[in-house]
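Colleague: Got a minute to go through this model with me? I'd like to talk cysteines, surface and sheet.

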Amino acid sequence: MQFSKVSVIGLGYIGLPTAAVIASRGIEVIGVDVNQTAVDTINAGNIHIVEPDLDIVVRSTVMTGKLRATTTPEAAEVFIVAVPTPFKGDNHEPDLSYIEKASLAIAPVLKKGDLVILESTSPVGATEQMATWLAAARPDLSFPQDKGEQADINVAHCPERVLPGYVLQELVSNDRVIGGMSPVCSDRAVALYKTFVRGDCIVTNARTAEMAKLTENSFRDVNIAFANELSLICDKLKINVWELIKLANRHPRVSILNPGPGVGGHCIAVDPWFIVNSCPEQAKLIKQARLVNDYKPHYVLEQIVAAADQFKRPVIACLGLAFKADIDDLRESPALDIVKALAAKNIGTVLAVEPNIKELPQSLAGGSVQLSTFANAMEQANVVVVLVDHKQFKVADKAEFARKVVIDTRGVV
């Protein structure tokens, strides 16, 4: 099964690498994004996000004419939807508005025989909802929910499962779970992914594929919550949690993760709530893990405030803003939340050290937080808070930290 033209809707941390990898296989790819600056940047052969080696692939595919970006959807054979799926409100209700907007945007250019794939991590039933929106916008076409294998348009779900910093490698090497709304939908989606995926393409139905991704991230969230809860207990009992975990992990069947200042990223901090929202009476453990991990930034903030209270003019160096090491991604970052909350308390000078960004995010811009180099921050600060284990912090001379009051949420010091 050959594909000559693919459209990727959403050119962010998943959409752009996916578009570039498909284009590198000689398939024409049209990237669509509402951000004109991102579109212009990509069409110039550059990238607007940080991901190792992505700039090389984008530049080469743009130069050969296989990849181009636009703000307006165009006709294609396949449409891959890779837009955000956050939650909204205090009840963590899934926000499917981005998927709805993407559906309505591509609906006018759909034609018989096209394949639409939802890659966005989604609550169970989102793929069917997308198909419903498409069907309402295009009553002249048939969809799998009504016509099954005889439908004009094929619809499937294939959640991304890549690690920031290793996206290009994992897009190719990782197995993919593919859930079509009919066997034909699954077969066509497998044919597309096999153009660039070396891992296995495992077929299931759309709902199970949606739940698989949520399950993967909820499993990780529960394990992180165990480590974070251990860190709270160890602080109370005056035990070094890092030493404790190393000792416990010497057991052949124990593998405890390291604690941190919370849980970040668009996936692990969000996806478990999709399960809780759908089955609140059954998802008790998953919800409690979320509550533990959501509490951890507040606990770290209390520690910082107590440390700063020792000084007449506290200068607090916050090392890291990203949600994990060695990337620029600030989405759902507990480190960023901690720095914002600290700045709001106005208890001293706050120096933010984030080597992977050139300017402060909008949420911190214009406030009292200063973006600083690591060297400058270590020279000025009397309180140092390690929030992210970036390589620059891990290789630093540990003697520099000895003269400071240090709150180390990552085990760097």
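Modeller: Sure, but keep in mind that this is a predicted model, where local features need pLDDT of at least 70, side-chain atom pairs count only at pLDDT 80 or more, and totals for chains, interfaces and linings use all residues. Residues are numbered from 1 along each chain as its sequence is written, and side-chain values use heavy atoms, with hydrogens and water left out.

Colleague: Is cysteine 279 buried, exposed or partly exposed?

Modeller: Buried means under 20% relative accessible area, exposed over 50%, and partly exposed in between (1.4 Å probe, protein chains only). Cysteine 279 has a relative accessible area of 35%, so the label is partly exposed.

Colleague: How many disulfides does a search of the whole structure find?

Modeller: A disulfide is a pair of cysteine sulfur atoms within 2.5 Å. For cysteine 279, the closest cysteine sulfur belongs to cysteine 267 and is 20 Å off, so that is too far for a bond. The search of the whole structure comes back with a count of zero. Cysteine 267 is in no disulfide either, and its nearest cysteine sulfur is 13 Å away, in cysteine 158.

Colleague: And cysteine 267, buried or exposed?

Modeller: Its relative accessibility is 19%. That's why cysteine 267 counts as buried.

Colleague: Where does isoleucine 239 lie?

Modeller: Isoleucine 239 has a relative accessible area of 40%, so it is partly exposed. Helices here are DSSP runs of H or I with at least four residues, strands are runs of E with at least two, and both are numbered from the N terminus. Isoleucine 239 sits in the loop between α9 (206-237) and α10 (241-248).

Colleague: Which strands are the edges of the open sheet?

Modeller: Two strands pair if DSSP finds at least two bridges between them. Eight strands build the open sheet, with mixed pairing, in the order β3-β2-β1-β4-β7-β8-β9-β10. Each edge strand pairs on one side only, and the edges are β3 (67-70) and β10 (201-205).

Colleague: In what sense do β8 and β9 pair?

Modeller: In general, strands of a sheet pair through backbone hydrogen bonds, either parallel or antiparallel. Histidine 157 stands opposite glycine 179 in β9. Over two bridges, β8 (residues 154-157) and β9 (residues 176-180) pair in a sense that is antiparallel.

Colleague: Last one: is methionine 63 buried or exposed?

Modeller: Methionine 63 belongs to helix α3 (residues 54-63). Its C-alpha atom is separated by 12 Å from that of glutamate 28, 35 residues apart along the chain. With a relative accessible area of 70%, methionine 63 is exposed.
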